[in-house]
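Please load the model in your viewer and keep a selection panel open, since this tour moves from one selection to the next. At each stop you will find what to pick and what the model places there.

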Amino acid sequence: MTSLYERMWPLIRQLPTEWAHGLGMRALALPIRLGERVSDPFEWRGLRLPNRIGVAAGFDKDAAVVRGVAGMGAGFIEVGTVLNRPWSGNPRPRMSRVAEQRAIWNRMGFPSDGLATVRRRLAALEKPGLVVACNIAPHPLTIRTADQPGFADRACMELDELVTGLHPHAEFFVVNLSSPNTRGLRGVLHGSGFADALIAPTRARLASLDAAAGRDHATPLLVKLPPETAEGKPWNPDSLEQLVGPLRPVCDGFVGVNTSIHLALRSAKEAEPDFPGGLSGAPLLPLALDANRVLAELAPDHLRIAAGGVLSGADAVALVDAGAHLVEVFSGMIYRGPSLVAECAEALRAGARPGEPNG
Ligand SMILES: Cc1cc2nc3c(=O)[nH]c(=O)nc-3n(C[C@H](O)[C@H](O)[C@H](O)COP(=O)(O)O)c2cc1C
């Protein structure tokens, strides 16, 4: 059945993409329920979710519409990327549709209201109605100093500040070092020693916050992965092991995948060769499937959350079949509207395969 959103799509697609997203956010702030929440409880080492579908990072960067996202029927949301202080992001235009491919190009560059505002908004939500996770990263101004002495200490202090401030309101954390839209960020991810310098101390801090708060289970710390190697190749066990191997002992899981530089260069007219941005949506699904298949082999005991190219319930089922425990949506909602969340949650609950991926 065609949803109201899909019937309005010819109008929506006339609007500039970031503007249309802002309008959608305003609608989500209204006290309306957009979808039934499918009950499909999932538990991983004490972390309990009402169902296996979440809204990916970047959709609600500043925790402005968490209740609205719960009202779409999502089981969880990754708020963020949250920075320790406000940042305007890259100049506009920085988000657009590649409609013929059902894809989104973006080069947002972490616009953020900053930790204090996000913490205040989350604190005001008494019972958000879904699991709230926080996606965090060092500030772009700090990343710019990645080649200078003391960078790891500065970045680590910022992650410490973020987990300390957000711990009372977040049930798990994701460190994002895989956005292509902050110059130098993926360099940090691919650089040697970052697992020990940044991730291990952040997890140790979370353990002490858990102990002080008397949490009955450890707050999981995940790392978000890019969809491809630095050379633009899909992951294989050897290439992904180079990234995941050092992280395995110091984190609890992975989110795969972030947006693709190489798909952006191929498909988005805005992609400049020296700063291409990233592509998400339908063309990303094959890379997300590859990444999750390899990840299930390399990190069988870790929590694995899939993101990338989910436009139907069948896509979500395919990602779980590939090895993911949970699935996130973002670009698909721009093309399909909020009903995609409940469709995916129901498909996972039923274990249905109602068509080919992306069908
Ligand atoms: C406009 C836009 C902004 C995004 N911002 C973030 C972000 O702040 N942090 C992050 O980790 N991922 C961000 N992402 C990546 C998404 O979380 C997700 O990994 C990616 O879009 C693939 O999923 P999709 O194909 O369902 O969109 C963003 C994606 C888009 C399209």
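Two strands are said to pair if DSSP finds at least two bridges between them, and the helices (H or I, at least four residues) and strands (E, at least two) named below are DSSP runs, numbered from the N terminus. What you have open is a predicted model, in which local features need pLDDT of at least 70 and side-chain atom pairs count only at pLDDT 80 or more, while totals for chains, interfaces and linings use all residues. Residues are numbered from 1 along each chain as its sequence is written.

**Colour by confidence**

Start by colouring on pLDDT, the predictor's confidence in each residue, from 0 to 100. The chain averages a pLDDT of 90, and 97% of the residues score at least 70. Then select residues 352-359, where pLDDT stays under 50 and for which the model has 23 contacts beyond four places in sequence; a contact here means that two C-beta atoms, placed from the backbone, lie within 7 Å. Where pLDDT is low, the predicted coordinates should not be read in detail.

**Strands S9 and S10, and the core**

Select strand S9 (residues 221-225) together with strand S10, and you will find them running parallel and joined by four bridges. Leu222 has Gly253 in S10 as its bridge partner. In a regular strand the side chains alternate between the two faces of the sheet. Strand S10 (residues 253-256) is covered on both faces, with Gly253 and Val255 buried on one side and Phe254 and Gly256 buried on the other. A residue is called buried if 20 or more other C-beta atoms lie within 10 Å of its own, exposed if 12 or fewer, and partly exposed in between, with C-beta atoms placed from the backbone.

Leu222 leads on to the largest nonpolar core, which has 114 residues and in which Phe173, Leu222 and Cys344 have the most contacts. The largest share of this core, eight residues, is given by helix H11 (residues 285-298). Such a core is a set of buried Ala, Val, Leu, Ile, Met, Phe, Trp, Tyr and Cys residues joined through C-beta atoms within 7 Å. Centre next on Phe173, whose contacts, not counting residues up to four places away in sequence, include Ala133, Val163, Leu206 and Leu222.

**Strand S4 and its surroundings**

Now pick strand S4: seven of its seven residues are buried, so this strand is largely enclosed by the rest of the structure. Strand S3 (residues 53-55) pairs with S4 in the parallel sense over two bridges, and Gly54 stands opposite Phe76 in S4. Within S4 you will also meet Thr81, and the peptide bond leading to this residue from Gly80 is cis, with omega near 15°. Beyond the strand, Arg92 and Pro93 are joined by another peptide bond that is cis, with omega about -5°, and Pro93 sits in the loop between S4 and strand S5 (95-98).

**Two positive phi values**

Most residues other than glycine have a negative phi, and most peptide bonds are trans. Select Arg45, not a glycine, which has a positive phi of about 45° and lies in the loop between strand S1 (42-44) and strand S2 (47-49). Then select Phe110, with phi near 65°, in the loop between S6 and helix H4 (115-124). Which of the two categories, buried or exposed, applies to Arg45? Arg45 is exposed, with 11 other C-beta atoms within 10 Å, whereas Phe110, with 24 C-beta neighbours inside 10 Å, counts as buried.

**Around the ligand**

Finish at the ligand, taking a residue as near when its C-beta atom, placed from the backbone, lies within 6 Å of it. Of the 28 residues around the ligand, Ala56, Gly58, Ser280, Phe330 and Ser331 come nearest. Strand S4 (76-82), strand S6 (103-106), strand S11 (278-281) and helix H13 (331-336) are the elements that give two or more residues to this shell. By class the shell has eleven nonpolar, 15 polar and two charged residues, where Ala, Val, Leu, Ile, Met, Phe, Trp, Tyr, Cys and Pro count as nonpolar, Asp, Glu, Lys and Arg as charged, and the others, Gly among them, as polar.

As a last selection, take Val329 in strand S13 (residues 326-329), which is buried, with 28 other C-beta atoms within 10 Å. Leaving out residues up to four places away in sequence, Val329 touches Ala56 and Cys344, among others.
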